[in-house]
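Could you walk me through this complex in the viewer, one selection at a time? I would like to know what to pick next and what I should find there.

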Amino acid sequence: MKTTASHRFLHAYGIVFLAYLIVPLLVMGGAAFNSSKFPSPLPWTGFTWRWFNELFADSNMWWATLNTLWVAIAVVALSVPIGTGAAILLNNLKGRSRTILYAVMIAPILTPGVVIGVSTLVFWLRWGVPAGLHLSILGQTSFIAAYVMLMVLARLQSFDGGLEEAALDLGASHWQSLRRILLPHLYPALGTAAVLAFFQSVENFNTTQFTRGSQMTLTVYYGARGRSGVSPTINALAVILITITVVAAIGFEIWRRRKEAQKKLAA
Amino acid sequence: MQAMVRRYGGFITGLSLALTAFWLLVLVLIPYFDMFESSFRPYLPFVDIGGPKDIYSLNNYLSIFHNPTDIKVNFFGFETKLFMSIHLWVFFLTIAFSCLSTFLAFLLCYPLAYYLAKVLEPGRLATFMLILIIPMWVSELLRTFAMFILLAFNGPLTILLQSIGVVTGGVRWTWSLWGYSGVVFTLIYVYVLFMLFPVYNAMTSLDSNQIEAAKDLGASRWRIHRRVVMPHCKPGIASGCVTVFMLCVGSLLVPGLLNSPSSQWFTELIYSRMFVENDWNGGAAYAFLMLIFCTIFVTLTMRLFKVGLADIAK
Amino acid sequence: MTASVELRGVTMDFDKYRAVDNVSVKIEPGEFFSFLGPSGCGKTTILRMVSGFIEPTQGQVLIGEQDMAGIGPNKRPTAMIFQNLALFPLMKVWENISFGLEVRGIDKAARRKRAEELLDLVDLEGVADRYPAQLSGGQRQRVAIARALAVEPKVMLLDEPLSALDLKLRQHMRAELRAIQKRTKVTFIYITHDQGEALAMSDRVAVMSRGHIQQVDVPQNIYNEPTNGFVASFVGENNIFTGALSATKNFTTDVGAFAVTTGQGVSHDSKCRLYVRPEHVSLVAKPKAGANAVPATVEDISFEGNFAVVHLRDKTGRKLSAELKNDASTPPPAVGASTHVVFGPEHARVLLDSDAVAYDGEE
């Protein structure tokens with residue numbers, strides 16, 4: 001069915017698809033170095049670092065970044081324990097109650113961010129809590145905890161419950177058994193979940209936009225500013241973020257390949 | 001529960017229960033319920049809340065039908081006039097264009113998913129995936145902005161085409177499709193990977209021998225896809241479609257940046273009702289409408305594709 | 001330090017399934033006691049009740065004369081060797097062994113020292129810093145034993161610890177475990193489905209089936225004087241004859257009437273069978289008059305080294321077997337030859353059918 005010709009077509013399609021994804025990012029990055037005031041690499045009017053300087057001088061941007069970071073840290077601090085506790089609880093249930101609880105837990109993932117934002121706002125208003133980034137933290141946690149739960153639950157499947165029994169049998173308290181036996185097994189999942197939670201929080205727009213009141217995070221600062229007067233400072237920011245992402249991706253790949261090589265040696 | 005107390009002790013069990021209860025009740029269920037409840041209450045000045053005027057009604061939901069006006073619609077050369085409320089029209093268009101974006105994203109992804117799962121050598125696959133992941137890790141904001149810059153009136157795409165003589169003057173990329181073309185292009189660009197991964201995953205689980213067998217029996221390429229590959233990938237396709245559709249309908253950033261002056265997205269209506277008109281109850285009703293509709297869509301898709309909830313959740 | 005273990009009227013119900021039914025037994029301090037039975041007989045449940053992972057639905061579990069109701073597994077003076085060993089994969093061998101000491105707050109240097117002493121005790125030097133995954137099956141076994149001994153339990157509970165090992169290692173570990181038990185004088189409660197293990201290692205054995213104890217006795221008596229059909233057929237080989245006990249205390253079968261010894265509780269209207277062990281029969285061409293003899297044809301002979309097993313069939317098609325010492329002066333009959341299976345009344349035991357055995361189809 002698939003002749004070499006159609007394979008060639010698919011190879012070409014693959015390359016074009018990659019280009020389709022990557023080129024716009026490169027274009028956006030290119031504009032950061034163009035001295036034209038309009039955020040576009042064309043027409044090219046000359047190389048400049050100006051936009052980077054303006055970016056670093058923008059105190060609002062720094063405030064927004066700070067806010068983004070502390071919101072993200074708070075979200076990680078909340079969602080990782082919640083997700084872990086929920087996963088452990090779910091893992092100990094069977095049958096109907098487990099299915100129902102599982103469905104309720106993943107509902108926030110499927111819910112539009114707008115709905116999460118509005119409901120969080122309305123709920124806390126009843127208790128006299130005004131809009132602000134604290135509500136963004138709560139709104140984001142509601143669905144990010146679900147992602148954490150899924151990752152921890154998956155890791156729990158590979159855990160031998162007999163180890164906990166052995167620990168108890170040797171005289172450990174429940175707390176000691178958790179700390180010395182179960183948690184070490186979960187650490188890889190907890191680490192990945194924390195990283196995932198962090199990045200999901202940083203890039204969140206919808207829920208944050210509805211719950212933030214007048215406070216700013218980085219995403220909202222640029223998202224809201226977009227229409228009115230975009231200057232290439234955002235392109236400068238984009239270059240920085242994309243570079244970090246690419247470096248992280250390459251670093252991760254190198255680490256992954258090294259681990260695989262290690263495994264092959266040990267086997 | 002008894003078994004859990006025995007296994008983990010009272011304190012840890014209690015802690016897990018407390019964390020889960022806090023999450024599901026305080027962060028999820030009660031806020032949804034509150035939103036649901038306020039959507040039925042009228043928008044009143046502070047003093048009147050809880051008083052005799054505060055009664056339950058469907059008014060906030062029905063308000064989507066209010067203030068009908070004439071809307072001129074130009075559909076492939078046919079001009080008609082519709083008499084309906086703008087909000088309802090926007091709701092309809094949001095759904096329609098989200099469906100269009102989902103469909104186009106699927107068309108775009110399907111060959112690539114097949115390519116990655118069946119054609120590309122495994123050695124090259126890791127590298128390909130790595131490059132593919134980068135736009136994913138780069139946030140939605142940056143992907144949106146990239147398109148925004150590309151499609152700008154005098155933006156790079158225009159200039160490129162000008163330089164090779166295809167167009168003269170600026171091109172309003174965002175003004176076709178009643179002003180939604182920019183939104184549709186960008187939605188596809190921003191969310192295409194959410195379609196790719198579920199479909200790709202489904203494809204990898206397809207045994208290549210089945211394709212070989214079909215080829216042996218003389219099936220044409222089109223038939224093989226229609227009768228062997230696609231049926232197998234149904235859960236993945238359904239999962240991708242549901243995800244992308246919900247992301248499109250609920251998107252706030254993309255329409256915000258790429259709309260043309262005369263077009264709006266339903267999420268923007270919710271936003272303006274909440275923060276411009278300050279009518280939180282009305283905003284709640286609209287948000288709920290959107291949620292109901294998404295749920296209906298998900299259920300219909302699941303029925304259509306005959307898949308269950310468990311298949312879709314990753 | 002050691003303690004007795006007693007079960008008084010212990011019953012365990014899981015929803016609608018009764019795993020253990022009114023079991024009472026007392027295990028003496030320092031005893032090597034085995035529970036022997038097929039899967040599903042309730043022996044694992046009993047072990048888990050003694051260790052504290054489940055509480056009996058009825059009855060009491062006492063360790064050292066103290067009622068253990070409500071006392072969790074981490075507070076009981078027991079230590080368990082799990083069937084899959086349950087060694088902590090992320091800890092080194094010495095950390096595994098000293099885990100029980102770690103949770104009691106003993107400092108690192110003292111723990112390390114004790115771990116190395118225990119490694120000596122179980123004959124396993126030099127592996128202290130390895131991980132369990134790097135050890136062989138037999139080595140892991142010994143680490144599990146050392147880990148349990150580290151907490152100085154009064155009762156050691158062993159859940160079929162040798163079932164995953166190969167034959168030679170199993171036999172070696174049998175002797176090892178027995179030696180360790182004799183040295184430490186700790187009460188060992190051992191569960192297994194392997195009768196050879198139970199008989200070889202234990203001071204006393206409890207044979208179990210379907211939640212009931214069928215017989216508790218020293219190994220010799222379990223083998224030589226089984227109290228009912230289940231115990232007789234579970235432990236050792238048998239030639240089995242169905243029939244009935246007549247008023248004259250003879251057992252009538254479809255191949256003749258035999259002089260027999262009756263077992264516990266057998267009377268002429270009981271459902272019972274006749275059991276004769278293969279090593280207690282001889283093959284004689286012309287039996288004496290009045291002796292218990294069954295005419296049979298030799299089907300097959302397998303030489304097992306110092307004895308031979310002769311497989312025969314009687315006129316009804318019933319399979320019989322005889323175990324003969326490998327003696328050059330009296331060779332076994334040839335294949336196809338007709339002979340008689342002869343046995344004395346003292347070796348012909350008529351025993352009650354225990355309703356715990358499935359009799360249809362045999363074997």
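Start by selecting A:P24, A:L25, A:V27, A:M28 and A:A31 in α1(A), together with B:F145, B:A146, B:M147, B:I149 and B:L150 in α5(B): these two groups meet across the chains. Colour this contact by residue class and you get 10 nonpolar residues, with no polar and no charged ones. Keep in mind throughout that the model is predicted.

Now show the two helices whole. How are they arranged? α1(A) and α5(B), the latter covering residues 140–150 of chain B, pack at an angle of about 75°, and their axes are 8 Å apart. Angles from 65 to 115 degrees count as roughly perpendicular, so α1(A) is roughly perpendicular to α5(B).

**Next door: helix α6 of chain B**

Select residues 156–163 of chain B, which form helix α6, and pick out B:P156, B:L157 and B:T158: these three are buried. What covers the buried residues of α6(B)? The cover includes α1 of chain A as well as α5 of chain B, so keep both helices on screen. Then step past the end of the helix to B:G165, which follows α6(B) and has a positive phi, near 80°.

**The whole A–B contact**

Widen the selection to everything that touches between these two chains. You should have 70 residues of chain A in contact with 74 residues of chain B. On the chain A side, helix α1 (residues 4–31) gives the most, with 13 residues. Colour that side of chain A by class, and it divides into 47 nonpolar, 18 polar and 5 charged residues. Of the 2 pairs of chains that touch, A and B have the most contacts.

**Chain B as a whole**

Hide the other chains for a moment. Chain B shows 15 helices and 2 strands, and its C-alpha atoms fill a box of roughly 75 × 75 × 35 Å along the principal axes. Of its 314 residues, 41% are buried. If you draw the contacts within chain B between residues at least 6 apart in sequence, 66% of them join residues at least 24 apart.

For a contrast to the buried residues in α6(B), select B:E79, which sits in strand β2 (residues 78–85) of chain B. Is B:E79 buried or exposed? It counts as exposed because it has 8 C-beta neighbours inside 10 Å, and the cut-off for exposed is 12 or fewer. Leaving out neighbours within four places in sequence, B:E79 is in contact with B:K72 and B:N74. Try the distance tool from B:E79 to B:L25: the two are 54 residues apart in sequence, and their C-alpha atoms are 51 Å apart in space.

**Over to chain C**

Bring chains A and C back and select the residues where they touch. The contact takes 15 residues from chain A and 17 from chain C. On the side of chain A, α7 (161–169) and α8 (174–203) each supply at least two residues, and α7(A) gives the largest share, 6 residues. By class, this side of chain A has 7 nonpolar, 5 polar and 3 charged residues.

What about chains B and C? No contact joins them, and their closest C-alpha atoms lie 8 Å apart.

**Strands in chain C**

Stay on chain C and show its open sheet of 4 strands, in the order β11-β16-β22-β15, with mixed pairing. At the edges are β11 (239–242) and β15 (261–262), each of which pairs on one side only. Then zoom in on strands β16 (residues 272–276) and β22 (residues 349–352), which run antiparallel and are joined by 4 bridges. Label C:C272 and you will find it opposite C:L352 in β22(C).

Next, select residues 250–253 and 256–259 of chain C. These are strands β13 and β14, antiparallel and joined by 4 bridges. They form a hairpin with 2 residues between them, and C:T252 stands opposite C:A257 in β14(C).

**Last stop: confidence**

Finally, colour chain C by pLDDT: its average is 89, and 98% of its residues score at least 70. For the complex, the predictor gives an ipTM of 0.86 and a pTM of 0.85.

Note on methods
Residues are numbered from 1 along each chain as its sequence is written. Chains are lettered from A and ligands numbered from 1 in the order in which they are written. This is a predicted model: local features need pLDDT of at least 70, side-chain atom pairs count only at pLDDT 80 or more; totals for chains, interfaces and linings use all residues. Two residues are in contact if their C-beta atoms, placed from the backbone, lie within 7 Å. Ala, Val, Leu, Ile, Met, Phe, Trp, Tyr, Cys and Pro count as nonpolar, Asp, Glu, Lys and Arg as charged, and the others, Gly among them, as polar. pLDDT is the predictor's confidence in each residue, from 0 to 100. A residue is buried if 20 or more other C-beta atoms lie within 10 Å of its own, exposed if 12 or fewer, and partly exposed in between; C-beta atoms are placed from the backbone. Two strands pair if DSSP finds at least two bridges between them. Axes are lines fitted to C-alpha atoms, for helices over the stretch in contact, and angles run from 0 to 180 degrees between N-to-C directions. Angles under 35 degrees count as roughly parallel, over 145 as roughly antiparallel, 65 to 115 as roughly perpendicular and the rest as oblique.
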